[in-house]
Structures are given as C-alpha cells and as structure tokens.
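Q: Hi! Could you walk me through this structure in plain words?

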Amino acid sequence: METSVPPFQDFLEANRAMVHRFLTVAVGPLEADDCFQETFLSALKAYPRLANGDRLDRWVLRIASRKAIDHHRITGRRAVPTDRLPERPATDAEPSGGDDPLWTAVRNLPPRQRVAVVHRHVLDRSYEEIAELMGTSQDAARASVHQGTKRLRELMR
Amino acid sequence: MNPNELKRLAPAPRAAASSKLAAAGLSDAAARGGLLDVALATVGSPLGDLLIAVTPRGLARLAFDLESRDDVLGELADRLSPRILESAAVTADWRRELEEYFDGQRIRFGLRVDRRLLSPFVRRVMDETARVPFGRTTTYGAVAGRIGHPRAARAVGTALGSNPIPVVLPCHRVLRAGGSLGGYAGGLDRKTILLSLEGALTL
C-alpha cells in the first residue's frame, strides 16, 4: 500500500532535526543552514510530483547527501574527478568547531567518505540505506565508511 | 577512537533547536521562489485560535480549533497542493485584517478570497450571504429564495455549515426565521460571539 504524500509542513517537522544533524557534521556548522535550505527547497520543488509518501526520510536524506557532496565540490580548491573518490580533503568554508581535534579530523576526510561516515556513525544508518542514499552499491558504501573511519582513527592518533 | 564520538559534534537536542530556526527561514525563500502554494498561520481571536490558509489567490480556509489540524492540512494537501508551509510573511495581510475585525476596527474584509474549496452550490449561497452587511442578519429561507430555490432552506443551512472560510464569508449572519440562532459549524457560542461583536444581537 502506498501512503499519500503528507502536507509539506508535517514532512519538514518530521525530518528537519535529522537533516540538520547530518549536514552539521557533513559540511560543518557554518554551512549547514544554507545546505539545509537548499535541501528543503529542492524537496519542495519536487514535492507535487511525488506519488508515494513512503520513506520520505530516505528521500530527503538522499537530496541532502547530494547537496553536501556538491557543496564540497563547489568550495573545493581543485577540480575533482567525478568517476573516483577524490583524494583531497573536504573543505569547510571556514574552520568550524575551533580546535576540537575531532572536527579537524572530520574536515580532513574526502567528501564522499565524510558523508558515508556521518550516515553510519551519526545517524546509525545501515549499509543498505547508505548505498541508496549515496547512489552507490552496498560494497562501495561499506568501503567509504571503512576508509573514512580508518582515516579518522589515524588523524586522531 | 570510537566513531560514535562523532555524535557529539551535532547533539540531537541542538539539531532540534537549530533546525527549527532554519525551517522558519524556509517559507520566505519558498514564497520568493514561487514554491509556496498554501501558507499557514494561527490567529488568536475571541473565538479561540483560528488556523488560516492563504494561497496566491487569497484566503482559502479558516478553521476553528475544534477541527483537527491534521484533518485541515490533509484536506488542503489533497484539494489544493501539498506544498503547505507556515509563513508569517505571506499571511501577514490576512492576519492583520482579522485582528482589526475582532478589535472592532473593521466591518468588511478587503483582501481576496480563494473559493476553490467551495462547491458551485455553496458559492451561490455564499454570494447571497455576502450581501448581508456587518450588523445585519437574514434567514435561511430568505437566502434560499434569493438563489431561486425558495423551498431549499435546509439545503442552504447545509451549505452554510460547510463554509470553508467562516467569519470572512459571513454564514453567521443567517438565522432561523423567527429569530432563533439556527446552527453553526463552529458551535452556537461562536455564532453568538460574532453576532454580538457585530451588534446584531441584543442580549
């Protein structure tokens, strides 16, 4: 059974905290509000064409994941090859979180690894979900999480 | 390092608070982008809180707090558009006119009304009802007569009872012949308050 699409206000209320939490760690606290607005404006644009109100949390988190990765691509200092994981770190527009070594480590993850790690360890999403959210295979999602986590551990040593 | 430590970079309570602020800014951007089809606001009044829904065509819905918010929003989503957001800016003019009315500073609403939620029959009934000015009343039978169905007083009552924009479309000004109040979807207490506010009732 498909469920009907709820009023946008209810959809926003149900998902805003999760999306903001994701973006805060995925792009940094200073950029999170802009990405949040872009995410929900994109959702609003597409909303009347949605046929099915099931799993809208995944739908909006998929949009947010794209916005986060695009954000790093746009603010990145160098061009990023699109067909493989970038080697350069993700770049926050301004350092956020002060001297907290964990923030410093997170900022040094490549964008896709950073997004994957946040899905896994901040939002506790399964690999199956992360694959769907990031538009990759489950193996690729697992690899991104593992590489990102490994890198974080090294950076925190 | 335990990767669960990452959670402390964005504690859930802080995300709840900061997302509330970010969400509040969303409706303005949506309205600027032409993406807001239905703007919601709540207006305090002597009748209790009123939920209003404003579209680019005008005021489409006014609901008393005896109606469930979920039902009202669900109906708006189904019949107008699911692009519904709370917006102080888009509803500002209507909120002001309603406040002026309840303060006794306004006897007529000047802003546009979106009549898409009215069936053709209800529109005809409301058009006749709208001719009854502030401070005056008419009867179900008289309205029925004026729309050319003199024996349809009961159908007129039903149509008035389904008014999606009470107060603004003044169905409260229609009484039973003989002077008793008749019915009101918002309850007779609200009808009494409205008629007293308009000076149409001598209590």
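A: Happy to, and one definition helps before we start: two strands pair if DSSP finds at least two bridges between them. Keep in mind too that this is a predicted model. With that in hand, strands E1 (residues 38–43) and E2 (residues 50–55) of chain B pair in the antiparallel sense, over five bridges.

Q: Nice. What do E1(B) and E2(B) form, and how many residues sit between them?
A: They form a hairpin, with six residues between the two strands. B:Gly48 is in the turn and has a positive phi of about 95°.

Q: Which strands make up the open sheet, and in what order?
A: There are four strands in the open sheet, ordered E3-E2-E1-E4 in chain B, and the pairing is mixed. E3 (58–64) and E4 of chain B are the edge strands, each pairing on one side only. From one strand to the next, the twist averages 25°.

Q: Mixed, OK. Which sense does each of the other pairs have, parallel or antiparallel?
A: E1(B) and E4(B) run parallel, over three bridges. E2(B) and E3(B) are antiparallel, over six bridges. As background, strands of a sheet pair through backbone hydrogen bonds, either parallel or antiparallel.

Q: Can you give me some residues to click on? What stands opposite B:Leu40?
A: In E4(B), B:Leu40 stands opposite B:Glu86. In E2(B), B:Leu40 stands opposite B:Ala53. For E2(B) and E3(B), try B:Leu50, whose bridge partner in E3(B) is B:Phe64.

Q: Which helix of chain A packs on that sheet?
A: Helix H1 (residues 8–27) of chain A does, touching E1 and E4 of chain B. The direction of H1(A) makes about 65° with that of E4(B).

Q: So the chains touch. How many residues does each one bring to the contact?
A: Chain B brings 32 residues and chain A brings 33. On the chain B side, helix H1 (12–32), helix H2 (69–79) and strand E4 (84–86) each supply at least two residues. H1(B) gives the most, with eleven residues.

Q: What's the chemistry of chain B's side there, in nonpolar, polar and charged residues?
A: It divides into 21 nonpolar, seven polar and four charged residues.

Q: Switching to chain A: how many helices and strands does it have?
A: Chain A has seven helices and zero strands. Of its 157 residues, 43% count as buried. Taking the contacts in chain A with a separation of 6 or more, 63% are between residues 24 or more positions apart.

Q: Pick one of those helices for me. Which residues are buried in H6(A)?
A: H6(A) covers residues 127–134, and its buried residues are A:Glu129, A:Ile130, A:Ala131, A:Leu133 and A:Met134. What covers them includes helix H3 (56–75), helix H5 (111–121) and helix H7 (138–156) of chain A.

Q: And what follows H6(A)?
A: A:Gly135 does, with a positive phi near 65°.

Q: Back to chain B. Which domains does it have?
A: The domain assignment gives domain 1 (27–117) and domain 2 (120–197). Their C-alpha centres lie 22 Å apart. The contact between them takes 14 residues from domain 1 of chain B and twelve from domain 2 of chain B. On the domain 1 side, those residues divide into ten nonpolar, one polar and three charged.

Q: There's a helix H4 at residues 120–129 of chain B. Which of its residues are buried?
A: B:Val122, B:Val125, B:Met126 and B:Thr129 are the buried residues of H4(B). Seen down the axis of H4(B), they fall within an arc of 95°, so they line one face of the helix. The general idea is that an α-helix has 3.6 residues a turn, so residues three or four places apart point the same way.

Q: What do the buried residues of H4(B) pack against?
A: They pack against helix H5 (140–146), helix H6 (153–161) and strand E6 (174–175) of chain B.

Q: One last one: is B:Asp28 buried, exposed or in between, and why?
A: B:Asp28, in helix H1 of chain B, is partly exposed, because 16 other C-beta atoms lie within 10 Å. A residue needs 20 or more to count as buried, and 12 or fewer to count as exposed.

Q: How far is B:Asp28 from B:Ala155?
A: They are 127 residues apart in sequence and 42 Å apart in space, C-alpha to C-alpha.

Technical notes: Residues numbered from 1 in each chain as written. Chains lettered and ligands numbered in written order. Predicted model: local features only at pLDDT ≥ 70, side-chain atom pairs only at ≥ 80, totals over all residues. Domains from an automatic or database assignment. Contact = placed C-beta atoms within 7 Å. Nonpolar A, V, L, I, M, F, W, Y, C, P; charged D, E, K, R; others polar. Arc of directions from axis to C-beta. Axes fitted to C-alpha atoms, helices over the stretch in contact; angles between N-to-C directions.
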